[in-house]
Amino acid sequence: MIRMPIPLEDVVVNLLRLANTKLPDDVGWALEAAASWETNEIAYSQLGGIMDNMKKAEFTGRPMCQDTGIPVFYVSGKIDASIEEGIREGLKKATPLIPLRPNTVHPLTRKNSGDNLGDGMPIIHYRPTDGDFTEITVLPKGAGSENMTRLAMLNPADGADGIKKFIVSAVLEAGGRPCPPTIVGVGIGGTSDKCVEMAKEALLRPTDSVNENDEERELEDELFTILNSSGLGPMGLGGDTTVLRVHVKTGYCHTASLPVAVNLNCWAARRATVRIMKDGTAEYRQ
């Protein structure tokens with residue numbers, strides 16, 4: 001807890017530092033659990049290397065991966081026009097300070113902005129709610145996992161079997177490129193853009209949370225079993241642990257549509273949240 005109010009840009013710097021240097025406890029526990037049941041020697045050594053890297057990053061205060069990704073922000077609570085500028089300035093300040101790798105480039109010229117900004121950056125989703133606080137969550141997404149995003153506009157007649165077939169195929173075809181063991185975010189329903197958005201938002205759920213929707217939870221459990229029985233394993237080198245969790249998020253869709261999206265997080269499933277109170281104090285959590 002920070003007792004004295006600090007500028008929003010500095011709050012954002014602290015938020016980005018926390019997200020990039022310390023894995024949430026639930027992700028760390030999931031990795032330790034995976035190591036405890038892993039029977040493949042190579043996979044076990046890969047998980048050991050991952051956990052060693054994770055601990056060193058936290059101890060030294062340095063990013064746990066060279067690809068510090070593109071930060072995706074979710075803002076809820078009280079929102080005003082100053083928040084976007086504070087987030088932009090915080091990201092710009094954090095880039096050389098933490099440091100974060102400058103990742104944003106123009107899609108055609110590939111010119112790098114040098115500060116992780118540029119047209120459309122950073123990505124900010126606003127969710128206004130009641131309450132005398134503002135909450136900001138950041139989800140850094142590296143390209144290795146983000147590039148494996150898949151969207152299918154299935155025929156409604158494909159049903160549950162078609163949904164499962166597409167999700168399993170998307171994860172296994174990604175192979176070792178998203179640095180498994182991954183967390184699998186699944187969006188089902190909505191429109192094409194909403195479906196992909198839901199898949200990414202699903203990654204914000206802690207790995208030890210329980211989905212209260214019975215249909216979603218059953219699908220998560222079934223996919224978790226199928227994917228971890230595939231033998232793909234950590235880093236795609238074989239083993240018992242291909243995914244740490246599967247998180248499903250659904251929404252109603254058009255009667256003639258069945259959109260399904262998959263968005264992956266690598267083992268470095270980074271996220272952090274800050275709640276800024278009315279008096280300016282800030283409380284961080286993961």
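The legends below accompany an overall view and several close-up views of a predicted model.

In this predicted model, local features need pLDDT of at least 70 and side-chain atom pairs count only at pLDDT 80 or more, whereas totals for chains, interfaces and linings use all residues. Residues are numbered from 1 along each chain as its sequence is written, and side-chain values use heavy atoms, with hydrogens and water left out.

**View 1. The protein chain as a whole, with eight helices and nine strands.** Helices (DSSP runs of H or I, at least four residues) and strands (E, at least two) are numbered from the N terminus. The radius of gyration, taken over C-alpha atoms, is 19 Å, close to the 19 Å that the globule rule gives for 286 residues, so the chain is as compact as a globular protein of that length; the rule is 2.2 Å times the number of residues to the power 0.38. Buried residues (under 20% relative accessible area, with exposed meaning over 50% and partly exposed in between, for a 1.4 Å probe and protein chains only) make up 48% of the 286 residues.

**View 2. Helix α3 (residues 41–60) and its two faces.** The 20 residues of α3 reach 29 Å from first C-alpha to last, close to the 28 Å expected at 1.5 Å a residue, a span calculated as 1.5 Å times one less than the number of residues. Its buried residues are Ala 43, Leu 47, Ile 50, Met 51, Met 54 and Ala 57. Seen down the axis of α3, these residues fall within an arc of 120 degrees, so they line one face of the helix; the arc is that of the directions from the helix axis to the C-beta atoms. They pack against α1 (8–21) and α2 (25–37), while the face turned away carries the exposed residues Glu 41, Lys 55, Lys 56 and Phe 59.

**View 3. The two ends of α3.** At the N-terminal end, Asn 40 acts as a cap, with a side-chain oxygen 2.9 Å from the backbone nitrogen of Ile 42. Just after the helix, Gly 61 takes a positive phi of about 70 degrees.

**View 4. The largest nonpolar core, with 23 residues.** Such a core is a set of buried Ala, Val, Leu, Ile, Met, Phe, Trp, Tyr and Cys residues joined through side-chain atoms within 4.5 Å. Ile 167, Val 184, Ile 188, Val 246, Val 260 and Val 262 touch the most other members. Helix α6 gives the most to this core, with seven residues.

Conventions:
Contact = heavy atoms within 4.5 Å. Polar contact = N/O pair within 3.5 Å; in protein donor to acceptor, adjacent residues only side chain to side chain.
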